[in-house]
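User: I would like to learn how to read the contacts in a model of protein chains and DNA. Please take the features one at a time.

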Protein chains: 2
Amino acid sequence: MNIYDISQKAGVSIATVSRVINNSSNVSEKTKQKVLKVMNESDYTPNVFARGLGKKSMQTVGILCMDSSDIYIAQAVYFLERELRARGYNSILCCTGYQLKDKQSSLKLLLSKQIDAIILIGSSYIEEKESDVAYIKNAAKQLPIILLNGHLEGENIYSILCDDYNATKDAVLKLIDNHKKEILFLYRAATYSGKQKLRGYKKAHQLRNLPVNEDLICLCDEEALNTTTLFDTLSKKGIRFNGVMAADDQLAIKALKYARKQSILIPQSLEIIGYNNSILGTCCEPELTSIDNKVEAICTTATTTLMRVFEAEDSTSKIVLSSTLIERQTTRF
Amino acid sequence: MNIYDISQKAGVSIATVSRVINNSSNVSEKTKQKVLKVMNESDYTPNVFARGLGKKSMQTVGILCMDSSDIYIAQAVYFLERELRARGYNSILCCTGYQLKDKQSSLKLLLSKQIDAIILIGSSYIEEKESDVAYIKNAAKQLPIILLNGHLEGENIYSILCDDYNATKDAVLKLIDNHKKEILFLYRAATYSGKQKLRGYKKAHQLRNLPVNEDLICLCDEEALNTTTLFDTLSKKGIRFNGVMAADDQLAIKALKYARKQSILIPQSLEIIGYNNSILGTCCEPELTSIDNKVEAICTTATTTLMRVFEAEDSTSKIVLSSTLIERQTTRF
DNA sequence: TTGTAGGCGTTATCAC
DNA sequence: GTGATAACGCCTACAA
């Protein structure tokens with residue numbers, strides 16, 4: 001069933017059918033209805049390939065992420081797909097893993113698929129070294145790149161992110177002002193957002209004229225998470241803390257579990273703040289206070305931005321949303 | 001940069017270049033190398049559209065699910081995408097929501113994209129009424145359909161699932177034999193797997209000559225989950241239980257939280273078993289005993305099955321994997 | 001308003 | 001082993 005079949009059945013030329021398909025203006029209402037009728041009856045759908053060949057677009061955007069099973073990323077993927085599909089775009093998902101090489105090759109693969117844009121989820125795509133993000137800037141020469149939770153300057157690159165710096169700063173200030181001055185900062189990687197959060201953490205200390213104790217800043221790798229090594233080490237070193245600011249809820253819960261095991265009272269003797277406001281925070285006990293970084297809003301903003309880019313309208317290259325602190329039971333402000 | 005450019009640079013015809021691209025046999029090693037060299041130097045990638053037009057395949061499979069942000073589904077999506085990509089296939093994600101109408105239209109949309117197969121995640125696609133699954137059977141006329149965690153008889157339909165019936169039966173037997181004879185069964189919807197689990201629950205009772213108390217079988221809608229209504233109602237009715245078998249971890253955690261609030265000792269006075277062995281189970285306290293239904297194994301099996309179907313090899317139309325009980329702190333067997 | 005014809009970049013079928 | 005050339009199904013000037 002192709003455009004020729006339809007044109008024959010409807011007694012018009014393929015050009016007219018094509019015009020109806022793309023609801024081009026220059027078709028008389030009568031012919032249009034006639035063609036539409038035949039199309040519906042024949043259960044016809046245009047062939048995407050042929051379409052793409054001519055238009056050089058397949059109405060598809062690529063979604064790149066490290067690991068779509070990560071709770072936060074899974075949500076982002078969900079919202080993005082929903083928004084994109086609502087606008088007639090398909091989503092090709094591609095998980096790259098955490099290795100730079102794999103990220104690069106995945107991106108290259110996607111580029112060859114003639115998709116219309118690429119959305120990168122997660123600030124981990126923004127590497128330290130300028131040369132390590134070159135592949136992203138290069139890709140931007142071919143199609144628009146949308147960055148979620150990360151920022152990169154460049155032509156045809158658009159960043160949508162949450163104000164992690166201020167959110168963390170404000171949260172830590174709250175802890176400090178609540179007489180919790182030894183605050184453990186837990187984060188997983190020195191990603192763009194990880195660094196923003198750390199900056200916020202430090203800024204809060206500075207604002208209150210408190211020194212930053214580097215021992216309290218912990219970069220947690222997978223190993224540290226699976227065992228309780230991290231906290232044991234701290235404890236052995238004699239490092240005490242009465243507050244925890246974690247870069248994600250999972251880290252916060254590790255701290256919480258450790259504290260419970262040590263019979264430390266929460267929130268009286270220890271206050272904990274997580275990040276992402278994920279479902280995990282409502283599973284633990286006491287339930288976790290967490291910073292909500294607005295995944296859904298980020299995703300809808302990203303999509304509208306992208307549509308604007310497609311329509312060649314002016315678009316801000318960096319949009320920053322602000323987060324909210326969701327207070328539950330691990331803090332008492 | 002297209003096949004003509006390459007053929008010119010290499011001094012051969014486009015047919016030869018095409019043969020090299022698809023590494024067809026009838027090309028001399030010398031010419032092959034020559035062409036490959038030019039291809040690499042020119043950073044050329046074949047146009048997928050043109051390719052699809054000819055081959056009628058775009059090396060892409062559609063992944064349909066209700067909600068990719070659901071923890072379990074998110075994992076499945078992740079594993080599927082990984083396996084498919086490893087075999088050179090792209091994944092188009094499409095979340096359908098829970099309405100039958102939306103499922104149908106999403107499927108139809110996907111069908112029109114000339115993809116090579118469709119994978120349906122979640123047994124909720126298997127509706128009660130025969131007429132409500134007709135759209136799936138119809139789709140199977142066009143391309144192979146893989147069902148994850150659900151089963152449907154039909155030409156060109158392949159089901160990969162876990163043995164929820166036996167897993168639940170065995171788990172409930174353990175509870176019963178552990179002197180927990182009033183077992184609450186919590187489930188979310190009468191999906192295929194939901195019903196299997198319920199069957200297992202009942203069978204266990206039958207095996208131990210225990211009556212099934214229908215009051216203890218609770219279908220939990222969203223509302224019941226958000227409030228504590230469910231448990232309060234039970235309590236008001238004077239319905240007691242000392243065991244909980246939940247169809248997913250989230251439900252189990254609801255029960256757990258309720259019990260904790262009531263100061264019911266776990267696992268002494270109440271034993272709880274969840275389902276899916278999700279990360280949630282390790283966030284709560286005490287940590288949740290849960291049935292691991294092998295998402296990863298299901299996904300890899302699904303992918304290998306699909307590849308076999310593509311190669312027109314014989315393939316089992318129903319593969320059942322067995323699950324494992326992961327014992328943590330909400331039970332003491 | 002409608003139709004004709006050429007082009008998009010491949011693959012596949014012939015010849016040679 | 002290699003090279004023309006006709007599909008593939010659609011879009012879009014250009015012509016009528």
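Analyst: Begin with strand pairing across chains. In this predicted model, β2(A) and strand β2 (residues 90-95) of chain B run antiparallel and are joined by three bridges.

User: Which residue in β2(B) is the bridge partner of Ser91(A)?

Analyst: The partner is Leu93(B).

User: How many residues of chain A are in contact with chain B?

Analyst: A contact here is a pair of C-beta atoms, placed from the backbone, within 7 Å. By that criterion, 34 residues of chain A meet 34 residues of chain B. On the chain A side, at least two residues each come from α4, α5 (71-86), β2 (90-95) and α12 (249-261). The largest share belongs to α5(A), with eight residues.

User: What is the make-up of that side of chain A by class?

Analyst: The side of chain A that touches chain B holds 17 nonpolar, 10 polar and seven charged residues.

User: Now the DNA. Which residues are the closest to DNA strand D?

Analyst: For the DNA, the cut-off is a C-beta atom within 6 Å of the strand. DNA strand D is surrounded by 25 residues, and the closest are Asn2(A), Ile3(A), Ala50(A), Gly54(A) and Ala15(B).

User: Which elements give two or more residues to this surface?

Analyst: Both chains take part: α2 (14-21) and α4 (48-55) of chain A, and α2 (14-21) and α4 (48-55) of chain B. The largest share, five residues, is from α4(A). By class, the surface near DNA strand D has 12 nonpolar, 11 polar and two charged residues.

Technical notes
Residues numbered from 1 in each chain as written. Chains lettered and ligands numbered in written order. Predicted model: local features only at pLDDT ≥ 70, side-chain atom pairs only at ≥ 80, totals over all residues. Helix = DSSP H or I, 4+ residues; strand = E, 2+ residues; numbered from the N terminus. Nonpolar A, V, L, I, M, F, W, Y, C, P; charged D, E, K, R; others polar. Contact = placed C-beta atoms within 7 Å. Pairing = 2+ DSSP bridges.
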